[in-house]
Amino acid sequence: MLAATLAAMALASPVGAAVTDAFYDRAFMLAAHQKCDLFEPQLIAALDAAALQARNAALRAGTSAADLTAAAARARSKASRTACDDRDLNRVRARVQAGFAGWSRAARMSFPGDRAAWRGDRYQGQTIGWRLVQDSATGGSPVRFGLAGTGPTATTPAAVVSFVGRPRPYAARLVMRDREQTPRVWLTGGGLPPESVRRVFFAAAAHAADPALLPAGARQGEVWTFSTEAADALAQLDPRESFVIQFLFRDDSVAEARFEAGDFAAGRAFLAMGAI
């Protein structure tokens, strides 16, 4: 099971009880690497992405966070008891390296969720483009949110909106559960928790969006950029949770676009593998 799962390096979500096994296997290999320095940095980034997506798949399949924490602890314990020159460990190591040789050339990856997907792109470009993005809308206006940049290692959290028949908003903010105020995952109604336990990040700047960032069919739009801290907080959410981008208007109205946390963290780990 360990060899087959890791050698394939497949990021597609497994089903049933296998999701916890897949997470355990990847957590074990990461722990073994930490002890024995088994892999090069790019392969570790791939294992990080695989472990994160396996964890998220297990949560979506109904496994509790406590059970996954326990599985990770068992994986670390087993790694601590496994010798670095163990025959089985080195056999799996060789198979992982062989499987990774082809998988590492994947320039684009889709990370499906319950309702939406994140799309990752590791191409190095001359102009700014989406490196990790999810699509949504507010009313009839398309909205995109993700990480934008010329390459996967130089990205900025950003939201792009093309409003139809509305004036320009004066501010934008990213709103999610505040994990320090309420550690419990909020899944009620697929929405946000009460305002008292929300975390808010206001956009730092706004300007006309580069054409490559616009939704399909849009001729113009604005890009609102956020801090890296906002992306770090988003990566800590449960994959089943929602977060929203709110656009504020001077008539006190608010336009809201809802997104799914999904595999945002796994997508960032995919980008960490570097440019193609």
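**Figure 1. A four-stranded open sheet in the predicted model.** Here the strands follow the order β7-β6-β10-β11 and pair in the antiparallel sense. At the edges you will find β7 (198–202) and β11 (254–260), each of which pairs on one side only. Ignoring direction, neighbouring strands of this sheet are turned by 25° against each other on average.

**Figure 2. The pairing of β6 with β7.** In this view we zoom in on strand β6, residues 171–177, which is joined to β7 by five bridges in the antiparallel sense. A handy landmark is Leu 174, which stands opposite Phe 201 of β7.

**Figure 3. Helix α6 lying across the sheet strands β6, β7 and β10.** Strand β10 covers residues 242–248, while the helix α6 spans 228–235. Relative to β7, α6 runs at about 150°. Keep α6 in mind for the next view, since this helix also supplies at least two residues of the lining of the largest pocket.

**Figure 4. The largest pocket, with a volume of about 370 Å³.** Its lining comprises 21 residues, and those nearest the centre are Arg 55, Ala 235, Gln 236, Leu 237 and Asp 238. Three helices, α3 (41–60), α6 and α7 (264–271), each contribute at least two lining residues. Of these, α3 gives the largest share, four residues. Sorted by class, the lining of this pocket holds twelve nonpolar, three polar and six charged residues.

**Figure 5. The second largest pocket, with a volume of about 240 Å³.** Arg 55 turns up again here, in a lining that also includes Phe 23, Leu 30, Gln 34, Asp 48, Leu 52, Arg 76 and Ala 269. Helices α2 (18–36), α3 and α4 (65–81) each provide at least two residues of this lining. The most come from α2, which gives five. Eight of the lining residues are nonpolar, one is polar and three are charged.

**Figure 6. Confidence along the protein chain.** The average pLDDT is 87, and 92% of the residues score at least 70. Residues 1–16 are the stretch to treat with care: their pLDDT is below 50. Beyond near neighbours in sequence, this stretch has 42 contacts in the model. Where pLDDT is low, predicted coordinates should not be read in detail.

How values were computed. Residues are numbered from 1 along each chain as its sequence is written. This is a predicted model: local features need pLDDT of at least 70, side-chain atom pairs count only at pLDDT 80 or more; totals for chains, interfaces and linings use all residues. Side-chain values use heavy atoms; hydrogens and water are left out. pLDDT is the predictor's confidence in each residue, from 0 to 100. Contact means heavy atoms within 4.5 Å. On a 1 Å grid over the protein atoms alone, a cavity is a set of points where a 1.4 Å probe fits but cannot get out, and a pocket is an open set with protein on both sides within 12 Å along at least five of seven lines; lining residues have an atom within 4 Å of a point. Grid points are joined across faces, edges and corners, and a volume is the space filled by probe spheres set on the points. Ala, Val, Leu, Ile, Met, Phe, Trp, Tyr, Cys and Pro count as nonpolar, Asp, Glu, Lys and Arg as charged, and the others, Gly among them, as polar. Two strands pair if DSSP finds at least two bridges between them. Axes are lines fitted to C-alpha atoms, for helices over the stretch in contact, and angles run from 0 to 180 degrees between N-to-C directions.
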